Amino acid sequence: MTRRFIVHLSILTIVILMAAGASAQATRTWVSGVGDDVNPCSRTAPCKTFAGAISKTAAGGEISVLDPGGFGAVTITKSMTIDGKGQVASILHSSVSGVIVNDSATATPNTIRVTLRNLEINGAGTTPGTRGVSIIAGRIVNLENVFIYGQRNTGLNEGRGVRIAPSGTATVSVTMNNVTISDVNNHAVSCQAASGTPTMRLHIANSFLKDNGGGGNGDGLFLGDGCSATISKTQIFGFAAAGIETFGTANVQVDDSVISHSTRGFFLTGSSVIRISRNVITHNVTNGFNVSGAAQLQTYGDNYFGNNGADVGVLTSITAQKK
């Protein structure tokens, strides 16, 4: 083996090691309002945007925020957490979705676990945002302490705070805790298959869905075939269509919540079922509830209905089972 060959081999090894180091992914990365996406996204050399940090964050890792800023729209294709704790961490997006969760093109689709925590998602702009969070494919999505607003786009399936729309036979579970959604042109939250017969599980707690801006024809919650949901300690206020609308085979439990100041409190069609306990349904203009077809609105008898328009359909009484 010649000396020249050894030198060349050593240089090649160094180049390979440098390339491997440059492409290494960290379990925790950082963004800053004064960062740069050419950086490694470390705490001392942060990136500028969430999209820039994604490629440098290992699957299952976390993107943290160093200081206040707007960090741009992002598409998430692997398990991770984005946490803006302690800062004003925002996503300002125009004519696109703020966050897209979609692992459909990966080797293991419908498996990723994503947490969005302590974020503001603002669809402001001359061409407003389409959706705050769009969940296309994934296994578990958690939203914690998230404020979504300004989703005013008027296109089909747009102008929504959170859109859950998987395909095929996938199963996706979405949890929303302490989430505020306001000023949307369509539904604050929609849970409806894009195609096929997926299973969608939705839990919302301690949240506030309010006011679709006096325009559009949206609901606080729009829940369809394959969607089962539990709603607790949540206020749903001021929607042009209904506080909660269900159709198809949607199955919903609503507890300890307030549904008020919409055109209808509840609007049920198809064979959907809503069970309600300890709620206040008030000041809904046209109906407190409107139930048609084989749909059922079932009450445990401990809800308050008052100051609503004339109700349509039957409110069925059921007895809570005790252990």
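Let's start at N287, which touches T263, R264, G265, N308, G309, A310, D311 and V312, leaving aside residues up to four places away in sequence. This is a predicted model, and N287 is a handy place to enter it. The residue lies in strand β25. With a relative accessible area of 4%, N287 is buried, because the cut-off for that label is under 20%. Its side chain has polar company too: the side chain of N287 makes a polar contact with the side chain of N290 at 3.3 Å, and the side chain of N287 also reaches the backbone oxygen of A310 at 2.6 Å.

Now step back to the whole chain. The protein chain has two helices and 28 strands. Of its 323 residues, 48% are buried. If you count the contacts in the protein chain with a separation of 6 or more, residues 24 or more positions apart account for 59% of them.

Strand β25, where N287 lies, belongs to an open sheet of nine strands with parallel pairing, and you can trace that sheet in the order β4-β7-β9-β11-β13-β16-β19-β22-β25. The edges are β4 (74-76) and β25 (287-291); each has a single partner strand, so one side of each is left without a neighbour in the sheet. From one strand to the next, the twist averages 10°.

For a closer look at one pairing in this sheet, find strand β19 (residues 242-246) and strand β22 (residues 264-268), which pair in the parallel sense over four bridges. Here A242 stands opposite R264 in β22. R264 is worth a second glance: it was among the residues that N287 touches, and R264 also lies over the face of F267, at 4.6 Å from the ring centre. Elsewhere you can find another arginine over a ring, with R43 lying over the face of W30 at 5.2 Å from the ring centre.

Rings also meet other rings. The structure holds four aromatic pairs, and we can visit two examples. A pair of aromatic rings is described by the distance of the centres and the angle of the planes. F222 and F247 form a tilted pair, 4.9 Å centre to centre with 40° between the planes. F222 lies in strand β16 (residues 221-223) and F247 in the loop between β19 and β20 (251-255), so this pair ties together parts that are 25 residues apart in sequence. Both F222 and F247 are buried.

The other example takes us back to strand β25. F289 and F305 form an edge-to-face pair, 5.7 Å centre to centre and with 80° between the planes. F289 lies in strand β25 and F305 in strand β27 (residues 304-306), so parts that are 16 residues apart in sequence are tied together by the pair. What about their exposure? F289 counts as buried, at 6% relative accessibility, whereas F305, at 23%, counts as partly exposed.

Another spot to explore is around Y149, in strand β10 (residues 140-151). Not counting residues up to four places away in sequence, Y149 touches E120, I121, N122, G123, S182 and D183. With one of these, E120, there is a polar contact between side chains at 3.2 Å. Measuring along the chain, K210 is 61 residues apart from Y149, yet their C-alpha atoms are separated by 9.9 Å.

From Y149 we can hop to N122, in strand β8 (residues 113-122). N122 is buried, with a relative accessible area of 15%. Its contacts, again without residues up to four places away in sequence, are I91, L92, H93, Y149 and Q151.

Finally, let's turn to the backbone. Most residues other than glycine have a negative phi, and most peptide bonds are trans. Against that background, look at N206, which has a positive phi of about 55° although it is not a glycine. N206 is found in the loop between β14 (199-205) and β15 (208-210), and at 39% relative accessibility it counts as partly exposed. N307 has a positive phi as well, about 60°, and is not a glycine either. You will find N307 in the loop between β27 and β28 (315-317), where, at 54% relative accessibility, N307 counts as exposed.

Notes
Residues numbered from 1 in each chain as written. Predicted model: local features only at pLDDT ≥ 70, side-chain atom pairs only at ≥ 80, totals over all residues. Heavy atoms only, no water. Pairing = 2+ DSSP bridges. Axes fitted to C-alpha atoms, helices over the stretch in contact; angles between N-to-C directions. Buried < 20%, exposed > 50% of the residue type's maximum accessible area, 1.4 Å probe, protein only. Polar contact = N/O pair within 3.5 Å; in protein donor to acceptor, adjacent residues only side chain to side chain. Contact = heavy atoms within 4.5 Å. Phe/Tyr/Trp six-rings, centres within 6.5 Å; stacked < 30°, edge-to-face > 60°. Lys NZ or Arg CZ within 6 Å of the ring centre and 35° of its normal.
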